[in-house]
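Please look over the structure shown below before reading on. The briefing then goes through a few of its features, grouped by topic.

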2 protein chains.
Amino acid sequence: MPPRTSTLPTSRPSRVVVEPVRPVVDGGNYSAKSAIGEPMTVVADVFADGHDVVAAALRWRPVTTGQQSEWQEVAMVSVGNDRYTATITPNELGRIEYDVVGWIDHLETWRRDTVTKLDAGLDVTSELLTGTRLIDAAADCATTSQENRDHLAHLHRTLRDGDTMVLSDARWTDIFWRCTPREPEAHLARPLPVDIDPLHGTFGAWYEFFPRSAVVNGSRSRVGHEPDPQPSTLLESIDRLDHIAAMGFDIVYLPPIHPIGTTNRKGSNNATTAAPDDVGSPWGIGSPEGGHTAVAPDLGTVDDVTTFATACSGRNMHLALDIAFQCSPDHPWVPAHPEWFAKRPDGSIQYAENPPKKYQDIYPLDFESDDWQGLWNALADVFRFWIERGVTVFRVDNPHTKSFAFWEWAIAMLRSEHPETVFLAESFTRPRVMERLAKIGFNQNYTYFTWRQSQTELREYFEDLATRTVDYFRPNAWPNTPDILTEQLQHGGRAVFVSRAILAATLSPSWGVYGPAFELLEATAVREGSEEYLDSEKYQLRTWDLSSDDSLAPLLTRLNQIRHDQRSLRNLHTLHVHACDDPAILCFSKTDPAGVGRPVLVVVNLDPFERHQAFVDIDLHALGLPYGADFDVVDELGGVTYRWSGNMNFVDLAPWSASAHVFSVHRVDEAATDDIGTASTTGTAVAA
Amino acid sequence: MPPRTSTLPTSRPSRVVVEPVRPVVDGGNYSAKSAIGEPMTVVADVFADGHDVVAAALRWRPVTTGQQSEWQEVAMVSVGNDRYTATITPNELGRIEYDVVGWIDHLETWRRDTVTKLDAGLDVTSELLTGTRLIDAAADCATTSQENRDHLAHLHRTLRDGDTMVLSDARWTDIFWRCTPREPEAHLARPLPVDIDPLHGTFGAWYEFFPRSAVVNGSRSRVGHEPDPQPSTLLESIDRLDHIAAMGFDIVYLPPIHPIGTTNRKGSNNATTAAPDDVGSPWGIGSPEGGHTAVAPDLGTVDDVTTFATACSGRNMHLALDIAFQCSPDHPWVPAHPEWFAKRPDGSIQYAENPPKKYQDIYPLDFESDDWQGLWNALADVFRFWIERGVTVFRVDNPHTKSFAFWEWAIAMLRSEHPETVFLAESFTRPRVMERLAKIGFNQNYTYFTWRQSQTELREYFEDLATRTVDYFRPNAWPNTPDILTEQLQHGGRAVFVSRAILAATLSPSWGVYGPAFELLEATAVREGSEEYLDSEKYQLRTWDLSSDDSLAPLLTRLNQIRHDQRSLRNLHTLHVHACDDPAILCFSKTDPAGVGRPVLVVVNLDPFERHQAFVDIDLHALGLPYGADFDVVDELGGVTYRWSGNMNFVDLAPWSASAHVFSVHRVDEAATDDIGTASTTGTAVAA
């Protein structure tokens, strides 16, 4: 025999295998994401060789630097084909880790096999001897509770007295689960991390507006392009918050509030030279008055930001600031830290370019600077500065043009200090880049929703978001932004605004609008073929008549109310798209993984010009309904209830009346059961 | 400021990110699989922040215990959306590991941006200054070859002389790739392992027969159930090898050849009591003559196995032995190592059971034995024993009823000693269990092919095999085995045997038949509803008239010839199923990742009773053909050539004439190009 090249394990390995299914990101290299108070379902494959019964438990604990927390444990339940699941609801912010434990349940294996023999009329004398030994061993376990010791002693006596019927009682399964000696246990290859965010990290409605245009010339009901408007301050724009809160929004997002540079400032409609009274783009950050930790004097002071944030909190909203790491030529960092910027051979600082376009008003930061440590610390300190002043939500401008390693480092550090912080990545770029930003810590990401408009496009995109990347990439769907007025919005009229708002608010747990322009159906582009607004607020002051009779505020209010009432809309992974032969109709549903909320079923006519009548083919199983069931669908938008039957059901949606249904789904026999339990693979948490 | 909880990296991290796509198994916890001389395509996502050009290289090296091998390197090419690919062809057995390296190509970024500006008519004075500095830095690199230093010096001079046209020459891309300083490089989170098997580890045709029935009463052309046949020996059955080799099979697989127990031996047709002259099942292993390292006296000696293996090699075939780790009550281990078997309370050894069925002729081994180390070593030594006697292919019986940890340990050890060894897992059980066996080291697995019979079943199953598990799970598709005579084979007649052979041989890189029964269309089950053969060779001797006019040998010969001629059939991951509205027609293709072999397109009529005429909708892109192309399809089964045009093409397949086409695909303009390059994502290996 040749010498053995591989030595035996020192102790007998478990016969059980445990493999993670979800949530897991890159095998545990990155954290998955969940939110406080939200059900988190863990799925794992647990199996052994042969035919013995396996048992599985989910364990989890907070990951706190410097101290070891106790594991908590719940039973996992089998959902078929070796897959097990359990749902927990973490109630503290910060990182947790989970493990899945599997073992052979020798007692339950014995019970199953003995019952099979009893049912076949075979002699079980030998089995009863084997069983009482197993029972006694389990009763002797240090981990077995006194109550279960009593149960096991009773079982021993009953079997000794010849009563084998007792074995058919399935309640033994649960007792055996707790008492069977588990050694050797199988575990995941390593515990897997999950970040527990505040709820608005995953679920929220965002409203963006420019505070300088919030209250023009002292009035917030004036309309049109004022000849000589005066900008409003942060404190004045607090007036707008009641309007936003009344519509049910959760996050108020302001474009950058910092001093704006004057060198090469852009004028109205992005003119390359600004008129003397042009207010400039908020993204041209930095002037002698300060940079990323200063407030533009026209808007107010740093303290006013805290006041504004407090005003938001008082209305159950969060303030989100826009952090754009770029500098105008007048930014204090330009003279103070010239090494943080790339230079041209003549020594001048390299401005931004997309040849042949030049952006001479913007200096990018150089993440390959020799003083990259100084730069990284300064950038992280910008977030710290605002966090300490009461801001915990940040919309980060173009993070994909800054080093991934910087974001990974900075977000991990900031969230370990302040786990309540939420970062939204404003990045419209290639899929792998956007996914990377999500992996390395951004809580949410802007999406391609804005340009996904057909049934096929929406289905494919959201099915991908709901499966492949769902453990870490959280979409925030925006029908419009100050940068993006889609061709569809330009030409589709009110019906497009309506359907896009309904889609964003129901497909995606987080959604947002560039508010005044969306409420008031602003649809004129600066020129044909452009997605830029005419007279964009980015470059000039605007006035908005928010009391207009045409305003979409009532729809937005109703949508946000439905989102708060229907728990099923909080998640993405239960998304199920139902079939419809008419390509203008998109039909989808969501269910509540906690089994509390009703299923929500949405049917949208994507055609803003024509009425569509069609049958939708409902996958009843996805709604937790039996084959062929009758059920009621209550239109939460319109209030009408329909009795539907079986899978094929008729819809009739005209853009001039109702573009969509947002149904809650009710069992017809609901008097008995009140709520529909979902048919999802949700395990019941059983305390160990 | 609070104290920082996360320190900066010690050196500036790369701006580039490298993520593996394939091959990778569980994030690198297990080895992927490839074969010697076969193209192995590595796919990775490589990208950076911003808009700079990234470059990527694949590195790989043998993993040899105790010594560090040198990395070899090839360029990876972009295939869009940040995905890069390279194909290598390892030429040594054993484990390799690969890494993917990514870096910013500052020179190529500069060239691209400067050419863009030149094209836009802009001044590039500043760019040329920047460029010459980059060029000089690259020329100074220690790793830059003298030839490339000369190229760079020439470029410097040319630019200095004012000739900027030179930059439009795309050949600079390749030179810059080699010369740009790479630091800091990005790497995979860890190198990923791949096992390089012999070719028959992934691609081979298997033929199973019972040597004791190979030559009955001295004649191999007698037919029927002899009243008193005498078993043939291993040496006599060498006579059969020419017949098997002539059909083009690669592996000759024998059921267990060990002494067969007599206690509780099964009789003909699995009778619970054997007649005195019943030969017993080869899987009832062990008698006083020996166990797993002995040969049944009726068959011959251990030396005869070596002789038989050598006879196989002489015909370009490999011998595969069946290793079934279970014991008859007469096995020498029963008295020698009673601790390796589970006991009943009365002290007797526990026989196998599937209540209410009892298998009293079989004692399972107890992998939870207190002497599990002794048992594991003894089992590993069984393989060593046969490897040292010239057997390197093992078909392992029911590995899923033995501890996964044992297989993982044993196979890793045996393959590190003997990387030429191939293990086929005979396991028909749940998906996760079969996949686990593949992950932990089995080179190949039996599959559900046997029961996947409709177009939808075959498409879904093989598409899953070709994608989700393709890096580690290698199917071996069998139309029949001594245990499995499907209902379809029992009732479908010759056409089913034909179509199942064609499907197995072309869908799966490895396939096999339980030979004599398949060749001779044996289709009678022991009873209605059973998949067991009547008068199964498992329990009795049989004679086979291999010269029958009805024999399928000509078809099997032709199929194996096509498999050897058409390199596209060696792989699974290029499988593409084409659409056909007729559910009786399955149409699929494969291409050669090395770009050498022609595409193969297979069209099978799955209905053994009716002629089907249908249009197949060919995805021309999958065949490397342009939209709307004309192309020739040459039926390698029938020899007929058809000129096809565009995607919709007509087929007419009747079970009584031709059940299937196996086409090679030829471009119409082939005179010019000879071979069709596949449109797959194959990178060109560029030596560094």
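What follows covers the contact between the chains, one enclosed strand, one buried serine and one hairpin.

This is a predicted model, in which local features need pLDDT of at least 70 and side-chain atom pairs count only at pLDDT 80 or more, while totals for chains, interfaces and linings use all residues. Residues are numbered from 1 along each chain as its sequence is written, chains are lettered from A and ligands numbered from 1 in the order in which they are written, and side-chain values use heavy atoms, with hydrogens and water left out.

**Contact between the chains**

- Chain A brings 70 residues and chain B 69 residues to the contact, where contact means heavy atoms within 4.5 Å.
- The area buried between chain A and chain B is about 6,200 Å², with 58% of it from carbon and sulfur atoms; buried area is the accessible area (1.4 Å probe) that two parts lose on being put together, summed over both.
- Between chain A and chain B there are 10 salt bridges, a salt bridge being a side-chain nitrogen of Lys or Arg within 4 Å of a carboxyl oxygen of Asp or Glu.
- One of the salt bridges links Arg430(A) to Asp82(B), with the closest N and O atoms 2.8 Å apart.

**Strand 21 of chain A**

- Strand 21 (residues 510-514; strands are DSSP runs of E, at least two residues, numbered from the N terminus) of chain A is largely enclosed by the rest of the structure, because five of its five residues are buried, that is, under 20% relative accessible area (1.4 Å probe, protein chains only).
- Ser510(A), Gly512(A) and Tyr514(A) point one way from this strand, while Trp511(A) and Val513(A) point the other way.
- Strand 10 (residues 204-208) of chain A pairs with strand 21 of chain A in the parallel sense over five bridges, where pairing requires that DSSP finds at least two bridges between two strands.
- Strand 20 (residues 475-477) of chain A also runs parallel to strand 21 of chain A, joined by two bridges.
- Ser510(A) is the bridge partner of Gly204(A), and Asn476(A) stands opposite Ser510(A) as well.

**Ser427 of chain B**

- Ser427(B) lies in the loop between strand 18 (422-426) and helix 11 (431-439) of chain B, and it counts as buried at 1% relative accessibility.
- Beyond its neighbours within four places in sequence, Ser427(B) is in contact with residues including Pro399(B), His400(B) and Tyr446(B).

**A hairpin in chain B**

- Strand 26 (residues 630-635) and strand 27 (residues 641-645) of chain B run antiparallel and are joined by five bridges, with Phe631(B) having Trp644(B) as its bridge partner.

How values were computed:
Helices (H or I, at least four residues) and strands (E, at least two) are DSSP runs, numbered from the N terminus. Buried means under 20% relative accessible area, exposed over 50%, partly exposed in between (1.4 Å probe, protein chains only).
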